[in-house]
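Q: Please give me a close look at one part of this structure, a loop and the helices around it. I would like one connected account that moves from the loop outwards.

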Amino acid sequence: MTSRSENTYMMPANNYGKLALVIALIGILLSAFGFVKDPGQFFHSYLVAYVFWVTISLGALFFLLMHHVTGAFWSVSLRHVVESIVATIPLMAILWIPIGFGIHDLYHWSHESVMASDKLLAAKAPYLNTTFFVIRTFIYFIIWGFISYKLRSLSKRTKSNNDILSMRKVSAVGTVFYALTVSFAMFDWLMSLDPHWYSTIYGVYLFGGAYLNGIAMVILVIAALKSLNLLTTEVTSEHYQDLGKLLFGFVVFWAYISASQYFLIWYGNIPEETIWFKRRWEGTWKAFSLSMIAVGFVVPFFALMFRAAKRNLVFLSSICLLLFVAHWMDMYWNVMPGFHRGNVSLSWIDLSTMVALGGLFFWTVWRSLASRSLIPLNDPYLNKSISHKNF
């Protein structure tokens, strides 16, 4: 292995992290004013922003799990970038607290009078109750936090194949727990907003969007590092192409699962199931739904079909930003129709909460990147990753 100095790969001082923190503070102040002005709108806007950012953290965690489980070498030089995104999971645990305080504003099953007057909800009371809801969320974050902490700790001391094997074993077990916890978290935080409705593939559909946007975040962080003339030879157009292929694949996967969920419910034609989509096909929600399909699938599908597009970091980054817009629309589409019936009603609080959480997210990522070398210098497969070629 070529000898490399750790200092060479430490991120130099820059203002990206400070800027993110300042933006976050502005967003927090505006959001606090929004809470005082309209608590109902605040909690719904906050939930949209929260699931947007936490699913990106979870998408990056799955990227890391698959990197280890499959023994991929091409992504070794990206591993510390991915781990820095995963490092936001403890932050996401803290940022869930406002949702806990807003349970009665967000989830009508949390009111005892509602449960008592609805036979269907009364039957779900052993699962849908405030105490168990909070306990489950605590368990989710304990599991995600442990997996991410264990992988990042092992990564710091990786020097041999035995260390890589240890990470693979943790990832193999972690993937099983990841699949279960992410599915149930999405059932709890989003599907239970309408507790009469259910979908057996809802967790898979949201996982698809999470992984897609986790990949997009990896690309955007790399682009930010490249703007500082970092990782100029360690991450190349070969890596962009592989990331672009994953991006393209999961654009299709997300669209396929979304369409599958819709058509299964459509031809089943069961009122308890169809009402959920009916609300999203009324008034201006119809145009919103169609726009989400165009932004989240049609445009990126055709844009990412070509090899040259996947090897151009500027173009790839622009597609990632477009996918972020689609992801926000997707989260908004999941949360808001029950709050704003009939028509889309955008609020400035939607923006302030996104800015607040997004600023904290990027500040955490940047701090993690600055805390150690940008690439895993002692990984035995690092040179192979750097010299990787697509054929």
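A: Asparagine 269 sits in the loop between α12 and α13; helices here are DSSP runs of H or I with at least four residues, numbered from the N terminus. The model is a predicted one, in which local features need pLDDT of at least 70 and side-chain atom pairs count only at pLDDT 80 or more, while totals for chains, interfaces and linings use all residues. Residues are numbered from 1 along each chain as its sequence is written, and side-chain values use heavy atoms, with hydrogens and water left out.

The phi of asparagine 269 is near 55°, a positive value in a residue other than glycine. Most residues other than glycine have a negative phi. With a relative accessible area of 56%, asparagine 269 counts as exposed (exposed is over 50%, buried under 20%, partly exposed in between, using a 1.4 Å probe and protein chains only). The loop between α11 and α12 holds asparagine 229, where phi is near 60°, again positive in a residue other than glycine. Asparagine 229 is exposed too, at 63% relative accessible area.

Now step along the chain into α13, residues 271-279, where Glu273, Trp276, Phe277 and Arg279 are buried. The cover over the buried residues of this helix includes α11 (202-226), α12, α14 (285-303) and α16.

Turning back to α12 (residues 237-268), we find glutamine 261. Glutamine 261 is buried, because its relative accessible area is 2%. Setting aside neighbours within four places in sequence, its contacts (heavy atoms within 4.5 Å) are with Trp197, Ser199, Ile201, Tyr202, Tyr205 and Phe277. Phe277 is thus one of the buried residues of α13 and a contact of glutamine 261.

Valine 204, in helix α11, also touches other residues: beyond neighbours within four places in sequence, Phe253 and Ile257 are in contact with it. Valine 204 is partly exposed, with a relative accessible area of 34%.

Elsewhere in α12 there are charged pairs to look at. Lysine 245 and aspartate 242 form a salt bridge with N and O 3.1 Å apart; the term asks for a side-chain nitrogen of Lys or Arg within 4 Å of a carboxyl oxygen of Asp or Glu. These two residues of α12 are three residues apart, about one turn of the helix. An α-helix has 3.6 residues a turn, so residues three or four places apart point the same way. Aspartate 242 is buried at 10% relative accessible area, whereas lysine 245, at 39%, is partly exposed.

Arginine 311 makes a salt bridge with glutamate 238, with 2.9 Å between the closest N and O atoms. That pair joins distant parts of the chain, 73 residues apart: arginine 311 is in the loop between α15 (307-310) and α16, and glutamate 238 is in α12. Glutamate 238 is buried, with a relative accessible area of 7%.

That brings us to α16, residues 313-335, whose end C-alpha atoms are 33 Å apart, in agreement with the 33 Å expected for 23 residues at 1.5 Å a residue (the expected span is 1.5 Å times one less than the number of residues). Of those 23 residues, 17 are buried, so α16 is largely enclosed by the rest of the structure. At its start, a side-chain oxygen of asparagine 312 comes within 3.1 Å of the backbone nitrogen of valine 314.

Key. A polar contact is a pair of N or O atoms within 3.5 Å; within protein, one must be able to donate a hydrogen and the other to accept it, and residues adjacent in sequence count only if both atoms are side-chain atoms.
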